[in-house]
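The following exercises concern a predicted model. Each task is followed by a solution that proceeds step by step.

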Amino acid sequence: MGNYLNSSIPYKAFSKEYNSPYFVDKSMMLKELTMRIQTSTNYICITRPRRFGKSVMANMIASFFTPTVNDDTIFKKLAVGKTDIYDHYYGQYDVIFISFNEMPKRCDNYEQYIERIENKLIHDLKTTYPQAQINENDACWDAFTAVFNSYHEKQFIFIFDEWDFIFHQDFISEQDKRKYIRFLSNLLKDKVYSALTYMTGILPIAKYSSGSELNMFAEYTMVSEEMYSEYFGFTETEVDSLYKKYLSNQMEPQVTREGLRLWYNGYHTKSGERMYNPRSVVMALTNNNLGNYWTSSGPYDEIYYYVNHNIAAVREDLAQMIAGIPVLAKIQEYAAVSMNLTTRNEILSAMVVYGFLSYEKGYVSIPNKELMDRFNEMLIKEPTLGYVHQLAAKSSDMLKATLAGDSSKVAKIMQLAHDTETPLLSYNSESELTVLVTLVYLSARDFYRIEREDKAGIGYVDFIFYPEIDHHADAIIIELKVDHTAEDALQQIKERKYALKLEGHLGEAPKYTGRILGVGIAYDKKTKEHTCKIEILRKQLF
């Protein structure tokens, strides 16, 4: 048992995951991986945003194949333990497991970083395989070849977690990156001692590898490849199962199943299967509270980093996505590695790769409330976003005016928004009016769950504001009209009985007991004027 060779660390880490109350069995990935061992397709690279289970799976894979892990109380209980894969492959390979996010005690340059890795590898091989007569100054690939030749064609499984970590460090130059790629190529490419190589990272590997250096890897991303997708993130069925465990574990459950969907769903595989952010789901169930567990603790720094490269190029896209409207984009995953993003597609591509946006059938969107809150915060607080920020900054006044029944002030704010520089709004359709309304009511998301085009009564309403934080607060129904009157919009709310959505099921006490306000907002393209009419559809119940 060495630093990297047959280390017990992956098993200890996976054991902790297995013993957690909200563990999900993804062990059948091992069956798929065994089909690649000692074949021409035995180089695999999985790229996903952080906190999507990459390290958990790497630890599981290393634990399964490592011979020094004799405690089989875990894998026999997992799905893979019920297959012949267990008997044939469990503990049958020497494993090299490296977490590339580990740094030397003092690390100011690439040479210090890579020297630590090389020294540990050589030490492990020299100690474990004395017949190979390895010299401390040997290259790592020469040492592995010596072991292969001296120990009956000994082969290894390589598990490299966070292979791209070093590229995010300030001290790494472009020349250092090329050296690192050559190191990986020399160590892995066309080596007979590699039975299987499995790597994980955030960024696509091919972009860094010019020519054919690492072209032996098959890359599996969240955007372009379907294989292995179900092992990274939680499916609907898996979250259903976890939620049942949660209800049995919690004396006073505060998290709803619908809340998990709203907060953490929104990602999907290439085939369209919905996926949840796994870390956030586990943390929400563990803490008995829905919250922001995945994005940084800072307000919007990470998202703004990408937007700031060219605000003008993506400002209108942000406004539409925050309104719930997907945006057409050409995703170029390799663009994410650039530190000099300039074009709209490059910026949106980087945000997809890092998990801030989801991508489906040519369109990008904000996946869930966890991310939407961060985008909202950025729009309200960041003045460099120009007119989008100006409209969002008015949202507190807009909500206050609505709750006060001040129709004239609501119309005045809408008119001000229209008169502001708003190139995204030609007002040719109600969808463009929807974007504007979303911006001027942005702060309402702090107090309401806002649903757009929600099924209610007889048809679909433009907006319903559900007071989820305080069920005694006022609920709001908004209908929009272009080239009609505000009275027409309000009349539609009443005729189609949209308020029934807030009344609860027959025979049940209403969940929302505050007033229900109907808000009709209209725009006349000839006069270029907004009008508003607000009416109390139901008084407070008690």
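**Exercise 1.** Determine which residue in β4 stands opposite Ile159, and describe the strands that surround β3.

*Solution.* Step 1. The residue opposite Ile159 is Tyr198, which lies in β4.

Step 2. The strands concerned are β3 and β4 (residues 194-201); they run parallel and are joined by 5 bridges.

Step 3. β3 also pairs with strand β2 (residues 94-99), again in the parallel sense, over 6 bridges. In this pairing, Asp94 has Phe156 of β3 as its bridge partner.

Step 4. Next comes the burial of β3. Strand β3 comprises residues 156-161, and 6 of its 6 residues are buried.

Step 5. In a regular strand, side chains alternate between the two faces of the sheet. In β3, Phe156, Phe158 and Phe160 lie on one side, while Ile157, Ile159 and Asp161 lie on the other. Both faces are therefore covered, as the residues on each side are all buried, with under 20% relative accessible area.

**Exercise 2.** State in which order the strands β8, β9 and β10 are arranged, and which of them stand at the edges.

*Solution.* Step 1. The order is β8-β10-β9, in an open sheet of 3 strands with antiparallel pairing.

Step 2. The edge positions belong to β8 (327-328) and β9 (358-360). Each has a single partner strand, so one side of each is left without a neighbour in the sheet.

Step 3. β9 pairs with strand β10 (residues 363-365) in the antiparallel sense, through 3 bridges. Within this pairing, the bridge partner of Tyr359 is Val364 in β10.

**Exercise 3.** Describe the sheet that contains β12 and β13, and then locate Ile469.

*Solution.* Step 1. The sheet is open and has 5 strands, in the order β11-β12-β13-β14-β15, with mixed pairing. Its edge strands are β11 (449-455) and β15 (529-538), each of which pairs on one side only. On average, neighbouring strands of this sheet are turned by 20° against each other, direction ignored.

Step 2. Strands β12 (residues 460-466) and β13 (residues 475-482) run antiparallel and are joined by 3 bridges. Ile464 has Ile477 in β13 as its bridge partner.

Step 3. Ile469 is placed in the loop between β12 and β13.

Step 4. Is Ile469 buried or exposed? Its relative accessible area is 65%. Because the exposed class begins over 50%, Ile469 is exposed.

Step 5. Leaving aside residues up to four places away in sequence, Ile469 touches Asp446 and Phe447. Gly81, by contrast, is 388 residues apart from Ile469 in sequence and 45 Å apart in space, C-alpha to C-alpha.

**Exercise 4.** Classify the crossing of helices α12 and α14, and identify the residues that make the contact.

*Solution.* Step 1. The axes of α12 (residues 311-322) and α14 (residues 369-381) come within 11 Å and cross at roughly 130°.

Step 2. This angle makes α12 oblique to α14, because it lies outside the ranges for roughly parallel (under 35 degrees), roughly perpendicular (65 to 115) and roughly antiparallel (over 145).

Step 3. The crossing of α12 and α14 is left-handed.

Step 4. From α12, the contact is made by Leu318, Met321 and Ile322; from α14, by Met372, Phe375, Asn376, Met378 and Leu379.

Step 5. Sorted by class, the contact of α12 with α14 has 7 nonpolar residues, 1 polar residue and no charged residues.

Conventions. Residues numbered from 1 in each chain as written. Predicted model: local features only at pLDDT ≥ 70, side-chain atom pairs only at ≥ 80, totals over all residues. Heavy atoms only, no water. Pairing = 2+ DSSP bridges. Helix = DSSP H or I, 4+ residues; strand = E, 2+ residues; numbered from the N terminus. Axes fitted to C-alpha atoms, helices over the stretch in contact; angles between N-to-C directions. Left-handed = near helix turned anticlockwise from the far one by under 90°. Contact = heavy atoms within 4.5 Å. Nonpolar A, V, L, I, M, F, W, Y, C, P; charged D, E, K, R; others polar. Buried < 20%, exposed > 50% of the residue type's maximum accessible area, 1.4 Å probe, protein only.
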